[in-house]
Amino acid sequence: MRTTRMLSAATILALTGCHYGMTVEKLPVANQPGGAQVTVRTAWNKAYVGELIAVQDDGVVISNDRIIRFPFRTIARLTVDKMGDFRLQRVEVPRSEDLAALRAVSRFPQGLTPNIQSQLLAQKSQAEIVVVVQ
């Protein structure tokens, strides 16, 4: 009798566990090429909207009309479409869990190689990545 109850409880947990949390339907980036749409609000209250291209050890790179890099210390809030806010409060490096979550929804989770970077810059007719410092 006890074994039957435990088996029933385990089956119920296994079946219901698959319906909670983030799903493909709730995260548009899972169904499209490219990175998630983000809004980066700087510490000076200026907002930039674009595609999350890459997450580097010291900042994030987005694409809108230009390729722009934001060092973490310049970011007050980073909002990812359908994932919510990452309040960074001018930190030097976010928590490793936050970095992993952001990398997972970026266009290039492996990072920007020199070849990829030069191709992105050529598409935008840029010589180099614009870095937001203030």
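**Exercise 1. Establish which residues leucine 52 touches, and place this residue in its core.**

Solution. Leaving aside residues up to four places away in sequence, leucine 52 touches Gly35, Ala36, Val38, Val60, Val61, Ile62, Leu102, Val105, Ser106 and Arg107, where contact means heavy atoms within 4.5 Å. The model is a predicted one, in which local features need pLDDT of at least 70 and side-chain atom pairs count only at pLDDT 80 or more, while totals for chains, interfaces and linings use all residues. Residues are numbered from 1 along each chain as its sequence is written, and side-chain values use heavy atoms, with hydrogens and water left out.

The next step is the core itself, a nonpolar core being a set of buried Ala, Val, Leu, Ile, Met, Phe, Trp, Tyr and Cys residues joined through side-chain atoms within 4.5 Å. Buried means under 20% relative accessible area, exposed over 50%, and partly exposed in between, with a 1.4 Å probe and protein chains only. The largest such core has 20 residues, of which Leu52, Val60, Ile62, Phe70, Ile75, Leu78 and Val80 touch the most other members. Two or more residues come from each of strand S1 (37-42), strand S2 (47-56), strand S3 (59-63), strand S4 (67-71), strand S5 (75-80) and helix H2 (96-104); helices (H or I, at least four residues) and strands (E, at least two) are DSSP runs, numbered from the N terminus. A second, separate core of 10 residues includes Ile53, Phe108, Leu120 and Leu121.

**Exercise 2. Determine the order of the strands in the sheet, and which strands lie at its edges.**

Solution. The sheet is open, has 7 strands with mixed pairing, and follows the order S6-S5-S1-S2-S3-S4-S7, two strands being paired if DSSP finds at least two bridges between them. S6 and strand S7 (130-131) are the edge strands, each pairing on one side only.

Within this order, S1 runs antiparallel to S2, with 5 bridges, and arginine 41 stands opposite alanine 47 in S2. These two strands form a hairpin with 4 residues between them, and asparagine 45 in the turn has a positive phi of about 65°. S1 is also joined by 5 bridges to S5, again in an antiparallel arrangement, with threonine 42 opposite isoleucine 75.

**Exercise 3. Compare how the faces of S1 and S3 are covered.**

Solution. In a regular strand the side chains alternate between the two faces of the sheet. In S1, the covered face holds Val38, Val40 and Thr42, whereas Gln37, Thr39 and Arg41 make up the uncovered one. In S3, both faces are covered, with Gly59, Val61 and Ser63 on one side and Val60 and Ile62 on the other, all of them buried.

The pairing of S3 completes the step: S2 and S3 are antiparallel over 5 bridges, and they form a hairpin with 2 residues between them, in which glutamine 56 has glycine 59 as its bridge partner. S3 and S4 likewise form a hairpin, with 3 residues between them, and serine 63 is bridged to isoleucine 67 in S4.

**Exercise 4. Explain why the buried residues of H2 lie on the same side of the helix.**

Solution. The buried residues of H2 are Asp98, Leu99 and Leu102. They lie on the same side of H2 because they cover an arc of only 100° around the axis, the arc being that of the directions from the helix axis to the C-beta atoms. On the other side of H2, Ser96 and Ala104 are exposed.

The buried residues pack against S2, S5 and strand S6 (84-87). H2 lies across these strands, running at about 105° to S2, where axes are lines fitted to C-alpha atoms, for helices over the stretch in contact, and angles run from 0 to 180 degrees between N-to-C directions.
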